[in-house]
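Got a few minutes to get to know a protein chain you haven't met before? Have a look at the sequence and the model, then try the exercises.

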Amino acid sequence: MPPTVAPTPRPTAQPATPRPAPPAPAPAGSAALARAEQRTLELMNASRAQAGLAAYALDAAVSAVARAHSLVESQYGYVYHDGPDGTAASRNRPACGSGWWSENTGKVWNEDVGVLHREFMAEPWAPINHRTNIMDPNFTRVGIGAVQGRDAMYLTVVFCR
């Protein structure tokens with residue numbers, strides 16, 4: 001007699017897709033990174049104040065996304081906006097909570113974020129560039145993430161409306 005095969009039970013519900021854990025805040029002992037992030041905010045807000053614009057509010061959740069981007073940059077050793085996997089929109093749009101976001105990113109040496117800020121602010125006025133991101137009155141919140149790489153500090157700013 002042939003062996004009996006028990007019927008395969010049908011699942012009643014699909015298990016929920018696990019969500020990735022949010023990026024961790026700056027690693028413990030990274031006082032220089034925290035200073036770089038704070039100084040970046042101060043420099044951007046000083047530039048905005050000179051133009052009569054409101055100061056940026058720092059958003060911790062958006063900063064975690066910016067920090068995660070800087071971490072990937074540090075692992076690849078270069079600065080990019082969209083990433084090797086084209087994830088800028090899928091990272092920043094949900095973090096900002098709207099379809100309106102932008103991003104500045106760069107390398108910093110000797111913890112001197114002032115050099116990077118001056119380079120951004122020296123750009124000509126254009127529809128979209130680093131300077132206009134900083135000075136756009138429609139952006140009200142930012143996330144700032146600094147990560148120390150092998151060759152430099154990587155700094156990402158995500159701007160949200």
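Here are some exercises, each with a worked solution, and keep in mind that the model is predicted.

**Exercise 1. Work out how many helices and strands the protein chain has, and in what order they run**.

Solution. Start by counting: the protein chain has 5 helices and 4 strands. Next, walk along from the N terminus, and you'll read α-β-α-α-β-α-α-β-β. Then look at burial: of the 161 residues in the protein chain, 42% are buried. Last, check the contacts with a separation of 6 or more: 67% of them are between residues 24 or more positions apart.

**Exercise 2. Find the largest nonpolar core and say which elements give two or more residues to it**.

Solution. Step one is the size: the largest nonpolar core has 21 residues. Among those with the most contacts inside this core are Met44, Tyr56, Ile134 and Phe159. Step two is to trace where the residues come from. Two or more are given by each of helix H1 (31–50), helix H4 (113–121), helix H5 (130–135), strand E3 (141–148) and strand E4 (153–160). H1 supplies the largest share, with 5 residues.

Step three: don't stop there, as another core lies apart from this one, with 5 residues that include Val62, Cys96, Val158 and Cys160.

**Exercise 3. List what tyrosine 56 is in contact with, leaving aside neighbours within four places in sequence, and then do that for asparagine 45**.

Solution. Begin with tyrosine 56. Its contacts include Leu41, Met44, Asn45 and Arg48. Further along the chain, tyrosine 56 is also in contact with Asn133, Ile134, Asp136, Phe139, Thr140, Arg141, Val142 and Phe159.

Now turn to asparagine 45, which sits in helix H1. Its relative accessible area is 16%, and buried means under 20%, so asparagine 45 is buried. With the neighbours within four places left aside, asparagine 45 is in contact with Ala55 and Tyr56.

**Exercise 4. Track down the disulfide and say why it counts as left-handed**.

Solution. First, search the whole structure: you'll find 1 disulfide. It joins cysteine 96 to cysteine 160, with an S to S distance of 2.0 Å. Second, check the handedness: the torsion about the S-S bond is about -65 degrees, so the disulfide is left-handed. Third, see what gets linked. Cysteine 96 is in helix H3 (residues 88–96) and cysteine 160 is in strand E4, so the pair, 64 residues apart, links distant parts of the chain. Both cysteines are buried.

While you're there, look at serine 98, in the loop between H3 and E2. Serine 98 and cysteine 160 are 62 residues apart in sequence, yet their C-alpha atoms are 7.8 Å apart. Serine 98 is partly exposed, at 21% relative accessible area. Not counting residues up to four places away, serine 98 touches Arg93 and Arg161.

**Exercise 5. Describe how H1 and H4 pack**.

Solution. You'll want two values here, since two packed helices are described by the angle between their axes and the distance between the axes. For H1 and H4, the angle is about 35 degrees and the axes are 9 Å apart. The crossing is right-handed.

Now name the residues that make the contact. H1 brings Ala36, Arg39, Thr40, Leu43, Met44 and Ser47, while H4 brings Val113, Gly114, His117 and Met121. Sort these by class and you get 5 nonpolar, 4 polar and 1 charged residues.

**Exercise 6. Is valine 147 buried or exposed, and which residues does it touch**?

Solution. Valine 147 is in strand E3. Its relative accessible area is 11%, so valine 147 is buried. Next, skip the residues up to four places away: valine 147 touches Leu33, Arg67, Ser70, Leu71, Ser74, Ala152, Met153 and Tyr154. Take Arg67 from that list: it is 80 residues away along the chain, with the C-alpha atoms separated by 6.6 Å.

**Exercise 7. Say what phi asparagine 110 and glutamate 111 have, and how exposed they are**.

Solution. Start from the usual pattern: most residues other than glycine have a negative phi. Asparagine 110 has a positive phi of about 55 degrees, and glutamate 111 has a positive phi of about 60 degrees. Asparagine 110 is in the loop between strand E2 (101–108) and H4, and glutamate 111 is in the loop between E2 and H4. For exposure, asparagine 110 counts as exposed at 76% relative accessibility, whereas glutamate 111, at 44%, counts as partly exposed.

Methods: Residues numbered from 1 in each chain as written. Predicted model: local features only at pLDDT ≥ 70, side-chain atom pairs only at ≥ 80, totals over all residues. Heavy atoms only, no water. Core = buried A, V, L, I, M, F, W, Y, C linked by side-chain atoms within 4.5 Å. Buried < 20%, exposed > 50% of the residue type's maximum accessible area, 1.4 Å probe, protein only. Contact = heavy atoms within 4.5 Å. Disulfide = S-S within 2.5 Å. Axes fitted to C-alpha atoms, helices over the stretch in contact; angles between N-to-C directions. Left-handed = near helix turned anticlockwise from the far one by under 90°. Nonpolar A, V, L, I, M, F, W, Y, C, P; charged D, E, K, R; others polar.
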